[in-house]
Amino acid sequence: MFKSKALRTWCHKNLFNSKMNSFLSVVIVVILFKFLSYFYAWFVTNAVWIGDAAACREASGACVVFIKEKYNFILFGFYPRAEIYRPILCIVLLLSLVIYSSYEKNWKKCTLILWALLFLVSTILMGGGIFSLPIVESDQWGGLPLTLILSVVGIFVSYPLGIVLALGRRSKMPIIRIFSTCYIELIRGVPMISLLFMSSVMFPLFLPEGVVIDKIIRAQIAIIMFVCAYMAEVVRGGLQAIPRGQYEAAEALGLNYFQTMRLVILPQALKVVIPPTVNTVIGMFKDTSLVIIIALFDLMSTMKTALKDPEWLGFNVEGYIFIALIYFMFCFSMGKYSRTLEKKFNRKGTLT
Amino acid sequence: MNQVIEIKNLSKWFDDFQVLKDINLNVKKGEKIVICGPSGSGKSTLIRCVNRLEVHQEGSVRVNGIELTDNVEVIESTRKVVGMVFQHFNLFPHLTILENLTLAPMWAKKLNKNEALEIANKYLDIVQIADQAHKYPGQLSGGQKQRVAIARSLCLKPEIMLFDEPTSALDPEMVKEVLDVMTKLAEEGMTMICVTHEMGFAKQVADRMVFMDEGKIVEESSPEEFFNNPKSERTKKFLNQILH
Ligand SMILES: Nc1ncnc2c1ncn2[C@@H]1O[C@H](COP(=O)(O)OP(=O)(O)O)[C@@H](O)[C@H]1O
Ligand SMILES: [Mg+2]
């Protein structure tokens, strides 16, 4: 009784407190209801959960069988089926370390060592060749592991590089300042696709005869080059938000440039720009799907390949929804984490 | 002879605006100088030239006999013997009070953490704020912040202290607690240059008064003479405005 009354008051206050608001509430509820009932029919009532492609074509609902049939390929690409435990192990290790590192109490040097270890272990796991693991060439890597590797390594390298570039752009030394500014503006002036092309087509031309750099590494370099320019501008925004008095107080205490930056300015500046930083990271996570144009099979490309299977033509919606859910899961967690960090630092009274 | 600060024919420009015009000022060890003057007269700029937060164009500034140049090592070692307290405190908001105090001893002086903590706790006691050691600056009142800022400078064991209007940003009831700390410091023989309009403090503490206007030192005299018998018209006018 009490509860329903509380609910009524809440509805009255938040949904029906004016004519306009009541109208909008009703419209939205109707649309939502229509959509949900349609989705329910598609995904549950008329869906094919057991059967084959023919059964799917007859039914008007979702073809869940398609995902059941293809999820292995979408998630892991052309990685040999017998060895599939290796990328799975990689993903589990990686996600565990990401979660471990997200706690502030673990922000210390030994976590960095863990990351270096993980990098080593996952290279061995994915590539094989020692410990009697069969070799798996990198052009067979694909799907989720590839997307995660490109993104995680991309963040790890481009964040510090972005900080260096941002400091460079504000440096008093003209050569450093001009170089940083030109680099940032140049990179921001071109689309990432062209950088990927350059690194996969032009970059090998500059290498000495016989030296071949792995295609994944070339794509990784392009991604890092691109993202660090954006990161630099994000960090620069943070640096500009720090009052001059902070620099002066640090310098007046005899701290040198690097100490001033590391101990006083950057800890504050980086906290100020947590939302745009995570924004850039999320953008990069999704942009890794562009590697499709240099024929790398990331999550997006494996899904598209699965759609082209002649036996299973025509299940685009299912495929796209499947990977949309995966992308959403990751991006949503990142956004959520960013808000947690913001709250934590605000509680500590970051700014006077 | 024992001049710790020697400023000779100092001139400084911001673009083509001349802020300081041919300033000469010497400070002996243990001397207390109070600088006053209307807003915009160049007081802050002058004392910021002493620890080279500002770069001058003409003349020379010597601290402990060493001339300030662009040499980074000279600048950094000078800043370790010249402490500075700002109008707006400039505490580091992301660090606790204790961390604010131990930062410079640990990094600029390379003391280990225990030594730094010992010094920090000692000065927190002196400015009577030990109970706030683990709070963040945002949780303190203005007067407390300024006392922390003074303690932070003292942790480097400076020989000279510069104060740039340390009480102007404070609510009136908090001015005294800060002036008390400064008075105590003066009594212990610290060499001090204070920019302040607290004339009571000046009368009590100053060995010499300096009055500045439009980038020049207009009058430099003992406090008795300065308050009872100012020479220039501008000083008289300024004192009239500030004392009444
Ligand atoms: N960074 C700066 N750039 C340009 N002009 C400045 C700068 N800092 C101070 N000024 C100018 O120099 C003059 C003296 O400033 P300041 O030394 O702060 O005066 P005071 O401390 O006596 O009020 C003022 O007119 C001020 O506008
Ligand atoms: Mg001033």
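The exercises below concern the interface between chains A and B and two sheets of chain B in a predicted model.

**Exercise 1. The interface**

Task: State how many residues of each chain are in contact and how much area chain A and chain B bury between them.

Solution:
- Step 1. On the contact count, 24 residues of chain A meet 27 residues of chain B.
- Step 2. About 2,100 Å² is buried between chain A and chain B, and 62% of that lies on carbon and sulfur atoms.

**Exercise 2. Polar pairs and the chain A side**

Task: Find the salt bridge between chain A and chain B, then describe the side of chain A that touches chain B by element and by class.

Solution:
- Step 1. The count between the two chains is 1 salt bridge. Its side chains are those of Glu248(A) and Arg48(B), at 2.7 Å, N to O. The cut-off is 4 Å, so this pair qualifies.
- Step 2. Polar contact links 6 residue pairs across the interface of chain A and chain B, with both residues at pLDDT 80 or more.
- Step 3. Two or more residues on this side of chain A come from each of α11 (244-252) and α12 (257-272) of chain A. The largest share, 8 residues, belongs to α11(A).
- Step 4. Sorted by class, the side of chain A that touches chain B holds 9 nonpolar, 9 polar and 6 charged residues.

**Exercise 3. The sheet of 4 strands in chain B**

Task: Give the strand order of this open sheet and explain why β2 and β5 of chain B each have one side without a neighbour.

Solution:
- Step 1. The order is β2-β1-β4-β5 (chain B), with antiparallel pairing.
- Step 2. β2 (17-28) and β5 (66-67) of chain B are at the edges; each has a single partner strand, so one side of each lacks a neighbour in the sheet.
- Step 3. Over 5 bridges, β1 (residues 3-14) pairs with β4 (residues 58-63) of chain B. Within this pairing, Ser11(B) has Glu58(B) as its bridge partner in β4(B).
- Step 4. Helix α1 (residues 43-50) of chain B lies across β1, β2 and β4 of chain B, at about 125° to β1(B).

**Exercise 4. The sheet of 6 strands in chain B**

Task: Which strands stand at the edges of this sheet, and which helices pack on the sheet?

Solution:
- Step 1. The open sheet runs β6-β7-β8-β3-β9-β10 (chain B), and its pairing is mixed.
- Step 2. The edge strands are β6 (82-85) and β10 (216-221) of chain B.
- Step 3. From one strand to the next, the twist averages 15°.
- Step 4. β7 (residues 160-164) and β8 (residues 191-195) of chain B run parallel, joined by 5 bridges. Met161(B) has Met192(B) as bridge partner in β8(B).
- Step 5. α1(B) packs on the sheet, touching β3, β6, β7, β8 and β9 of chain B, at about 155° to β7(B). Helix α9 (residues 233-243) of chain B also packs on the sheet, touching β3, β9 and β10 of chain B, at about 100° to β9(B).

Definitions and conventions: Residues numbered from 1 in each chain as written. Chains lettered and ligands numbered in written order. Predicted model: local features only at pLDDT ≥ 70, side-chain atom pairs only at ≥ 80, totals over all residues. Heavy atoms only, no water. Contact = heavy atoms within 4.5 Å. Buried area = accessible area lost by both parts, 1.4 Å probe. Polar contact = N/O pair within 3.5 Å; in protein donor to acceptor, adjacent residues only side chain to side chain. Nonpolar A, V, L, I, M, F, W, Y, C, P; charged D, E, K, R; others polar. Pairing = 2+ DSSP bridges. Axes fitted to C-alpha atoms, helices over the stretch in contact; angles between N-to-C directions.
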